[in-house]
Amino acid sequence: MKPIPVEFHLGPLVLHTYGFGLGVTFWFAYWYLGKRFRRFGLSSTWLERGFIPIIVMAIVGARVVHVVANIEAYLHNPIGVFEVWQGGLSSYGGLAGGIPTALWYLHRDMPNLRFRRAFDIAAPVLLASWSMGRLLGPQLMYAGGGLPTKAWYGMYYTGEIGKRIPVPIFQSIEDFTCFLLTLWIARHFARWRMPAGSVAVAALGLWSIERFFDEFLWLARPRVWDAVEVFALICLAFCAATLAVLTSRRGRTTEVVDLPKLVATGPTA
């Protein structure tokens with residue numbers, strides 16, 4: 001089986017499948033996030049105004065973190081810093097660049113909406129988008145595979161010799177599983193009287209556990225910026241703290257996010 005083409009030629013133009021896939025993923029995230037906000041009786045105008053800046057800052061942040069994590073390679077090839085079509089976007093950098101930008105637009109247009117509630121609404125969107133993005137991004141890019149393998153599920157990738165573990169496919173399945181679990185938690189959290197922000201924390205913890213093991217099992221790149229062991233442990237600590245709050249008597253009196261009530265009462269801003 002031949003590698004998936006990583007680029008197509010349309011006359012003098014070169015179209016990269018990696019960029020096209022990410023474009024589709026960004027559009028999906030925009031559509032799904034707007035749909036969820038409207039479902040809960042909230043305006044999505046802030047997203048319409050800030051969508052392009054959010055995407056730009058997410059890409060910039062993702063690229064900066066990737067370059068810093070691989071600084072030795074780019075010192076020998078400075079031009080490669082700008083060759084985004086060859087792959088090389090850090091998930092953590094994307095979050096660091098995109099989330100603050102989104103929060104700025106959200107606060108400007110909806111100052112009365114608490115960030116914890118917004119995160120609970122957005123958490124499933126991020127996981128669903130990540131699941132799609134792994135298939136339409138790294139799976140279609142140059143050197144997108146994991147460790148070499150002779151297993152039946154191995155695939156050939158452009159720029160890599162021999163069959164490789166199809167890490168993007170595995171990660172897509174994992175992300176989709178986390179997405180379903182997060183939706184299940186969201187549907188039950190009014191009944192469980194979960195504090196605001198609990199759904200987002202649970203989603204972050206699930207995703208962090210997934211990425212923590214991915215780095216060591218399939219990618220084998222023990223670099224601090226890639227594995228981010230400390231980040232994963234912090235996320236696990238957040239999950240443990242949330243569980244402690246939910247199971248304590250004090251946690252049952254904490255302000256909760258009653259999404260059905262939010263729908264009934266309409267927008268908060």
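In this predicted model, Val-125 is located in helix H5, which comprises residues 115–136. Its relative accessibility is 4%, so the residue counts as buried, the cut-off for that class being under 20% relative accessible area. Beyond residues up to four places away in sequence, Val-125 touches Ala-29, Tyr-32, Leu-33 and Arg-36. A further pairing illustrates how sequence and space relate here: Val-125 and Lys-35 are separated by 90 residues along the chain, whereas their C-alpha atoms lie 9.9 Å apart.

The contacts of Val-125 lead to another part of the chain. Helix H1 covers residues 17–39 and helix H2 covers residues 45–69, and the loop between these two helices contains Ser-44. Ser-44 has a relative accessible area of 6% and is therefore buried. When residues up to four places away in sequence are set aside, the residues that Ser-44 touches are Gly-34 and Arg-38.

The database record may now be set beside the model. In an unreviewed entry, UniProt lists residues 15–34, 46–69, 89–106, 192–209 and 229–246 under "transmembrane region". Two of these spans can be described further. Residues 15–34 are 90% helix and 10% strand in the model, with 29 Å between the end C-alpha atoms. For residues 46–69, the model gives 100% helix and 0% strand, and the C-alpha atoms at the two ends are 33 Å apart.

Terms used. Residues are numbered from 1 along each chain as its sequence is written. This is a predicted model: local features need pLDDT of at least 70, side-chain atom pairs count only at pLDDT 80 or more; totals for chains, interfaces and linings use all residues. Side-chain values use heavy atoms; hydrogens and water are left out. Helices (H or I, at least four residues) and strands (E, at least two) are DSSP runs, numbered from the N terminus. Buried means under 20% relative accessible area, exposed over 50%, partly exposed in between (1.4 Å probe, protein chains only). Contact means heavy atoms within 4.5 Å. UniProt positions are given in the numbering used here, feature names are shortened, and annotations may be inferred rather than shown by experiment.
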